[in-house]
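Let's walk through this structure together, starting with one helix and then stepping back to the whole chain.

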Amino acid sequence: MTSLNEEVFPDQASNVPVRKVTIRINGENRSANVEPRLLLAHLIRQGFNLTGTHTGCDTSNCGACTVLFDGQPIKSCTMLAVQADGHDVMTVEGLATASELHPIQEGFKDEHGLQCGFCTPGMMITAKALLDENPDPTEDEIRWALSGNLCRCTGYQNIVKSVMWAARKINNQAAN
Amino acid sequence: MYPTRFNYESPKSIAEAIALLHQGGGEAKVLAGGQSLVPMMRLRFAAPEMIVDINNIPGLDYLTVDADGTIHIGALCRHSDLEKSALLTAHQPTMAAAAPVIADPIVRNRGTLVGSLCHADPQGDWSSVLMALGGSVVAQGPHGRRSIPVADFVKGPFQNMLAFDEIAIEAIVPAPKGIPNGGYLKLERRVGDFATAGVAVAVESSQGLIIRAGIGLTGVGGSTINATAAAQSLVGAPLTAGSIAHAADLAAQAAQPRSDHRGSASYKRQIVKTFVVRILNGVVESIERAA
């Protein structure tokens, strides 16, 4: 187990006690001492240095900070880090293995599913949850599932194609 | 954007949570889904001294239907649980229509119906739906439980009837006396935006007559609007083009919209009227199909 055990934002004096949280993140248990007001997105980025999770709007609109929480997509800017204690979290860093990209990542690469790339981690994590639950989604189902993730570049067309590409690849792998 | 500092408590039972709220003396806030509370804390519209996180209290995530048709929704039942519920599709069309249009799919994985009622946002969908259904909220405090009709529970914008040391532990939709029918329609500029306007209609019919009706309006007033005159106009008669148009006019009159960036007041009234007609036309079709 990697133990981080660092205080995040220890600079200001506070009479609120810090709490130790342990989160299983991308398959690895990691701990940190946090203030209750620290948001999960900030623990992931600043505490655990997993900067693939982006914070976009900071108001739970855009979905760039989406992570899987016990397998379900949630907006990590809208959950307190202390709430994740003892839970399983997967970030975009958890998609690829050491040697290969996840089919969803390949899909985004192959179908040009990104331009600036800021929304991409949230898009891919939401797509992961969709494909875990529904391996062969229709275009409408993909658009529905991704409707909580905003992209300001692509017009969504290629994002949808990327997810369809990934679904085909995953299904072909399963068939062979 | 960080919330102000607060003490975090994570009780394991309702009794423990109530004791913490009591100890907090009005400065403690219950955290369920957090999809409204956490953003409000970040924007510092809310700055509670204590957060009582009820997510670790077991047994609050239920959605059940009694033999007589009464529906119980526990404080930790998420919007997505309601969206995926075959039970609602079978028993409660107004709720089944509303569940998939709450916020966005990711928010629905955390947010709760009971939390939405407590938040009492005039733009909140569930308040209108539960008002239309004649639903109630069960509150538990140091002196026991009480049931509060949703129509009374929502006092105003972001204000509910709970005492500072009470927790809303479940919402109840009463058993229908006839065949339940209805729907929920919402106009939003994009998924997850606040409603330009929303309309919840719940009716119960028996032998072709409407025996109970409720209409709740979202986002067209300082709080959720109970369009009682519109609903009452439907009771005791079959649905006809004339009665539907009349109810729609009364609902539009009950709305108190303001002109803003989402549309003018008259536009929003027109939406309310159109939605009432659309939902009730759907009810007519469904009654005809069943006959």
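In this predicted model, 12 of the 14 residues of α3(A) are buried, so the helix is largely enclosed by the rest of the structure. Here, buried means that 20 or more other C-beta atoms, placed from the backbone, lie within 10 Å of the residue's own. Among those buried in α3(A) are Met123(A), Met124(A), Ile125(A), Leu130(A) and Leu131(A), and also Lys128(A).

What do the buried residues of α3(A) pack against? Within chain A, their partners are β4 (66-69), β5 (72-75), α2 (103-110), α4 (139-145) and α5 (157-175), and chain B adds α6 (105-108). Contact is a matter of C-beta atoms, placed from the backbone, lying within 7 Å.

The helix, residues 120-133, also has the length one would expect: at 1.5 Å a residue its 14 residues should span 20 Å, and its end C-alpha atoms are 20 Å apart, which agrees. That expected span is 1.5 Å times one less than the number of residues.

Now for the whole of chain A, which has 5 helices and 6 strands. Both are DSSP runs numbered from the N terminus, helices being H or I of at least four residues and strands E of at least two. With a radius of gyration of 17 Å, close to the 16 Å from the globule rule for 176 residues, chain A is as compact as a globular protein of that length. The radius is taken over C-alpha atoms, and the rule is 2.2 Å times the number of residues to the power 0.38.

A note on conventions: residues are numbered from 1 along each chain as its sequence is written, while chains are lettered from A and ligands numbered from 1 in the order in which they are written. As the model is predicted, local features need pLDDT of at least 70 and side-chain atom pairs count only at pLDDT 80 or more, whereas totals for chains, interfaces and linings use all residues.

Notes. Contact = placed C-beta atoms within 7 Å.
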